[in-house]
Amino acid sequence: MPIPDPALVVLVGASGSGKSTWAAARYRPEEVVSSDALRAVVGSGPADLDASDDAFAVLEAVVAARIGRHLTTVVDTLGFDPGRRRSWLAAARASGVPAVAVLVTAPDAVCRSRNALRDRPVPAKVLTQQLRQSARVQAELADDGWDEVLVVDTGDTEPSAGPVAPPPGPARATPGERTASTGVEVVLQLSRFPWGEDPFGWLRAMALAADEVGFSGIALMDHLVQVPQVGRAWDPIPEPWVALGALAGLGTGLRLGTLVTPVTFRPPGVTAKAAATLSALTGGRTFLGVGAGWWEREHAAFGVPFPPAAERLDDLDAAIRTMRALWAAGTKPYDDGHVALPETTCYPRPTSPVTVVVGGGGEHRTLRIAAELGDACNLTTTDPEVLSHKVSVLRRHCADLGRDEAEVAVTVLDVPVVGRDRDDVWARVERMRGRTSAATYAARSHAGTVGQHRERHAALAALGVSTVFLTTPDLAGPEDVLALADLVR
Ligand code: GDP
Ligand code: MG
């Protein structure tokens with residue numbers, strides 16, 4: 001059973017039952033607040049019972065401070081005092097942090113023999129009393145009101161990492177199989193380009209790594225100036241069609257495309273031409289993310305007009321019609337009542353249909369355009385509630401328009417913090433959180449291990465998501481791509 005993270009985790013159990021060992025296998029030392037350790041801090045050592053009051057005063061302060069910051073806190077004491085337990089639980093409730101009690105047990109004889117081996121064993125009579133308390137505390141725990149009560153028996157097991165164990169290391173993906181076993185297709189989204197002195201070498205290394213582990217494709221952002229959500233305005237950001245042309249020459253099996261090309265940047269026919277050319281160069285593995293554009297600054301900086309939103313959405317609608325007309329067979333005139341072209345002479349034609357992914361979650365217009373003209377819509381949320389709402393809006397538009405909803409795929413942009421294990425996840429959060437609190441940043445970025453993200457992707461698949469455009473906020477080199485292997489497995 002997975003333990004929530006962050007959480008308040010209160011250990012309960014007799015001396016020698018294995019509480020501290022259990023905690024050390026799963027949590028960082030700073031996350032565990034232990035009365036024994038604090039006796040050693042404020043007194044002469046872990047067994048200095050005269051220092052108990054002072055140790056508990058510090059312990060209470062640490063628990064209150066950490067829980068107040070929504071940080072995982074493991075309370076390592078005997079846990080038999082119902083008053084203390086309930087006050088920790090109340091603190092967690094007040095902060096909205098899930099609270100779990102973990103009852104650690106081992107057969108009495110095992111606890112006794114472990115105790116006997118200690119430098120300063122607990123007196124036999126005291127241990128007997130603890131073992132009695134341990135036997136009846138489970139009923140009390142059931143009444144305390146924990147979100148979860150876990151019982152861990154350490155009697156006949158090797159000490160081992162349990163529910164929040166680090167995931168297994170990266171495994172090589174089966175070549176040719178481009179839907180992950182989580183049920184989603186995963187496309188690597190490149191949005192930062194820390195390529196140093198060798199732009200093409202970096203792009204090539206990223207693409208080869210993505211191909212090797214089994215990503216289905218690579219998507220490039222289409223911005224004229226690096227956006228503030230990702231980096232600094234003076235960070236390099238390549239023109240995507242040029243860069244995709246370079247990737248097309250690598251001979252990988254990757255699908256290539258943009259996420260998202262604003263209709264404001266180029267006349268739609270010119271974008272259609274670029275996408276058709278890329279399709280010809282890649283043997284038909286091209287997609288086109290297309291949206292209304294949103295960032296006024298890059299338009300102004302490049303002298304590109306930036307009309308009001310309603311007009312840009314009209315342009316988006318017209319652009320998709322224009323591109324589809326130009327990609328269609330033949331050269332005949334086109335007129336659908338919205339867009340008219342005297343001829344549709346666009347060669348090379350795409351080798352196979354270009355997948356049009358409409359970016360943006362605007363419910364009134366963008367999702368309607370996706371429902372009418374797109375092969376997919378791309379949402380920038382992975383929050384299950386918001387996502388299922390958007391999906392239901394999309395499906396309603398499909399029903400209104402008489403479009404088969406199965407023809408409009410749901411894709412998402414996912415930008416999680418991904419770490420090798422809990423320590424690594426935490427180190428990344430600390431590095432990147434800026435002035436945001438660690439707990440908030442971790443929650444917002446779904447910070448977790450690859451295993452946790454696999455579960456999240458499986459949940460997205462269950463909500464109807466077919467493709468995840470995945471990037472991480474600290475994706476810097478091919479080794480970071482290889483570290484994501486298990487997500488595309
Ligand atoms: P605590 O007093 O409940 O904190 O217990 P500790 O975690 O300090 O463990 C007491 C002793 O039991 C140590 O010598 C541990 O190595 C041993 N121990 C703890 N957990 C396990 C376990 O899961 N399996 C085995 N075989 N020994 C354990
Ligand atoms: Mg202990």
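Two strands are taken to pair if DSSP finds at least two bridges between them, and on that basis 8 strands of this predicted model close into a barrel.

**View 1. The parallel barrel and the order of its strands.** Going around the barrel, the strands follow the order 6-7-8-9-12-13-14-17, and the pairing is parallel. Neighbouring strands of this sheet are turned against each other by 25 degrees on average, when direction is ignored. One of the pairings can be followed in detail, since strand 7, residues 217–220, is joined to strand 8, residues 255–262, by 4 bridges, with the two strands running parallel. Within this pairing, Leu220 stands opposite Thr258 of strand 8.

**View 2. Two helices against strand 9 of the barrel.** Helix 9, made up of residues 268–282, lies across strand 8 and strand 9 (286–291), and runs at about 160 degrees to strand 9. Helix 11, made up of residues 309–327, lies across strand 9 and strand 12, and runs at about 155 degrees to strand 9.

**View 3. The open sheet of 5 strands.** The strands of this open sheet are arranged in the order 2-3-1-4-5, with parallel pairing. Strand 2 (32–34) and strand 5 (148–153) are the edge strands, each of which pairs on one side only. Neighbouring strands of the sheet are turned against each other by 20 degrees on average, direction ignored. Strand 1, residues 8–12, and strand 3, residues 73–76, pair in the parallel sense over 4 bridges, and here Val10 stands opposite Val75 in strand 3.

**View 4. Helices lying across the open sheet.** Helix 1, residues 19–26, lies across strand 1, strand 2, strand 3, strand 4 (99–105) and strand 5, and its direction is at about 150 degrees to strand 1. Helix 4, residues 82–95, lies across strand 1, strand 3 and strand 4, and runs at about 165 degrees to strand 1.

**View 5. The surroundings of ligand 1.** Of the 14 residues around ligand 1, those that come nearest are Lys19, Ser20, Thr21, Arg118 and Thr157. Helix 1 gives the most to this shell, with 3 residues, and the residues of the shell divide into 2 nonpolar, 8 polar and 4 charged.

**View 6. Polar atoms that approach ligand 1.** A polar side-chain atom of Thr21 lies 2.5 Å from an oxygen atom of ligand 1, and an N or O atom in the side chain of Arg118 is likewise 2.5 Å from an oxygen atom of the ligand. At Thr154 the backbone takes part, with an N or O atom that lies 3.3 Å from a nitrogen atom of ligand 1. The protein covers 74% of the 570 Å² of accessible area that ligand 1 has on its own.

**View 7. Two cis peptide bonds and a positive phi.** Most residues other than glycine have a negative phi, and most peptide bonds are trans. In this model, however, a cis peptide bond joins Asp5 and Pro6, with omega about 10 degrees, and Pro6 is found in the segment before strand 1. A cis peptide bond also joins Tyr347 and Pro348, where omega is about 5 degrees, and Pro348 is found in the loop between strand 11 (340–341) and strand 12 (355–359). His70, a residue other than glycine, has a positive phi, near 60 degrees, and lies in the loop between helix 3 (52–68) and strand 3.

Methods. Residues are numbered from 1 along each chain as its sequence is written. Chains are lettered from A and ligands numbered from 1 in the order in which they are written. This is a predicted model: local features need pLDDT of at least 70, side-chain atom pairs count only at pLDDT 80 or more; totals for chains, interfaces and linings use all residues. Side-chain values use heavy atoms; hydrogens and water are left out. Axes are lines fitted to C-alpha atoms, for helices over the stretch in contact, and angles run from 0 to 180 degrees between N-to-C directions. Contact means heavy atoms within 4.5 Å. A residue is near a molecule or strand if one of its heavy atoms lies within 4 Å of it. A polar contact is a pair of N or O atoms within 3.5 Å; within protein, one must be able to donate a hydrogen and the other to accept it, and residues adjacent in sequence count only if both atoms are side-chain atoms. Accessible areas come from the Shrake-Rupley method with a 1.4 Å probe; for residues, only the protein chains shown count as cover. Ala, Val, Leu, Ile, Met, Phe, Trp, Tyr, Cys and Pro count as nonpolar, Asp, Glu, Lys and Arg as charged, and the others, Gly among them, as polar.
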